[in-house]
Amino acid sequence: MIEIERKYSVKNNTFLANAKESYKITQGYLNSDKNRTVRVRIKGDRGFITVKGISSTDGLSRFEWEKEIAVHEAEALLQLCEDFIIDKTRYLIPFKEVVFEVDVFEGANQGLIIAEVELNSTNQKFDVPDWLGDELTGNERYYNAYLSNYPFTTWND
């Protein structure tokens, strides 16, 4: 129930050549408090509710609990969510010993592309593909909960 991941910007779309799978995600937040978030998500044709705890000081890990729910339940809960609903397409990109999840955001977050890699431990080593940019791990501006309240298209920097 502990999620360990690193997050990166993406320099270009060359990752698409190695995509093994992609699907649409629509998600919103019933609670986006940084100490605990409650997310509702429709991923492809499946619904989920997820609770996440506060991130560790380095931003690498945090508590995560997720349960699958019926899509019609997720659709109903999305109507109760805070501010902006997040729409994105997720691409799964295997690279050597890990799989990167690359999110191409749409709507109010259009123009933002973020890659994440889930790890087995905080000190796990892995190779980095050349399309990855700066590490964003621990930068709260790039958390989906933040983006649901302060969309990328409204940033001034």
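Which helix gives the most to the lining of the largest pocket? Keep that in mind as you go through these notes, and remember that you are looking at a predicted model.

1. **The largest pocket.** The answer is helix α2, residues 144–149, which puts three residues into the lining. The pocket itself holds about 290 Å³ of space. Its lining has 17 residues, and the ones nearest the centre are Lys34, Ser55, Arg62, Glu140 and Tyr143. Try finding those five in the viewer. Sorted by class, the lining of this pocket comes out as nine polar, four charged and four nonpolar residues.

2. **The second largest pocket.** Here there is about 250 Å³ of space. The lining is made of 20 residues, with Glu3, Arg39, Arg41, Lys52 and Glu64 closest to the centre of the pocket. Quite a list of elements gives two or more residues each: β1 (2–10), β2 (21–33), β3 (36–43), β5 (61–69), β8 (113–118) and α2. The top contributor to this lining is β3, with four residues.

3. **What kind of residues line it?** Have a look at the classes in the second largest pocket: 14 charged residues, four nonpolar and two polar. Colour the charged side chains and you should be able to pick them out around this pocket.

4. **Strand β2 and its partners.** On one side of the story, β2 pairs with β3 in the antiparallel sense, over eight bridges. A hairpin of two residues makes the link from β2 to β3. Asp33 has Arg36, in β3, as its bridge partner. β2 also runs antiparallel to strand β6 (residues 86–95), and seven bridges join these two. To find your way along that pairing, start from Tyr23, which stands opposite Arg90 in β6.

5. **Thr37, buried or exposed?** This residue is found in strand β3. Its relative accessibility is 7%, so Thr37 counts as buried, the cut-off being under 20%. Leaving out residues up to four places away in sequence, Thr37 touches Tyr29, Asn31, Ser32, Thr50, Val51, Lys52 and Ala145. If you click through these neighbours, a general rule is worth having in mind: in a regular strand the side chains alternate between the two faces of the sheet.

6. **Aromatic pairs, first example.** The model has nine aromatic pairs. Take Phe15 and Trp131: the ring centres are 5.6 Å apart and the planes sit at 50°, so this pair is tilted. Phe15 is in the loop between β1 and β2, while Trp131 is in the loop between β8 and β9 (132–135), and the pair links distant parts of the chain, 116 residues apart. Both Phe15 and Trp131 are buried.

7. **Aromatic pairs, second example.** Now compare Phe100 and Phe126, whose ring centres are 6.1 Å apart with planes at 65°, so this pair counts as edge-to-face. Phe100 belongs to strand β7 (residues 98–105) and Phe126 to the loop between β8 and β9, so the pair ties together parts 26 residues apart in sequence. Phe100 and Phe126 are both buried.

8. **Putting the rings together.** Which residues form one aromatic cluster? Phe15, Tyr91, Phe95, Phe100, Phe126 and Trp131 do. So the two pairs from the notes above, Phe15 with Trp131 and Phe100 with Phe126, belong to one cluster.

Technical notes. Residues numbered from 1 in each chain as written. Predicted model: local features only at pLDDT ≥ 70, side-chain atom pairs only at ≥ 80, totals over all residues. Heavy atoms only, no water. 1 Å grid on protein atoms, 1.4 Å probe; cavity = no way out; pocket = protein on both sides within 12 Å on 5 of 7 lines; lining within 4 Å. Points joined across faces, edges and corners; volume = space filled by probe spheres on them. Nonpolar A, V, L, I, M, F, W, Y, C, P; charged D, E, K, R; others polar. Buried < 20%, exposed > 50% of the residue type's maximum accessible area, 1.4 Å probe, protein only. Contact = heavy atoms within 4.5 Å. Pairing = 2+ DSSP bridges. Phe/Tyr/Trp six-rings, centres within 6.5 Å; stacked < 30°, edge-to-face > 60°.
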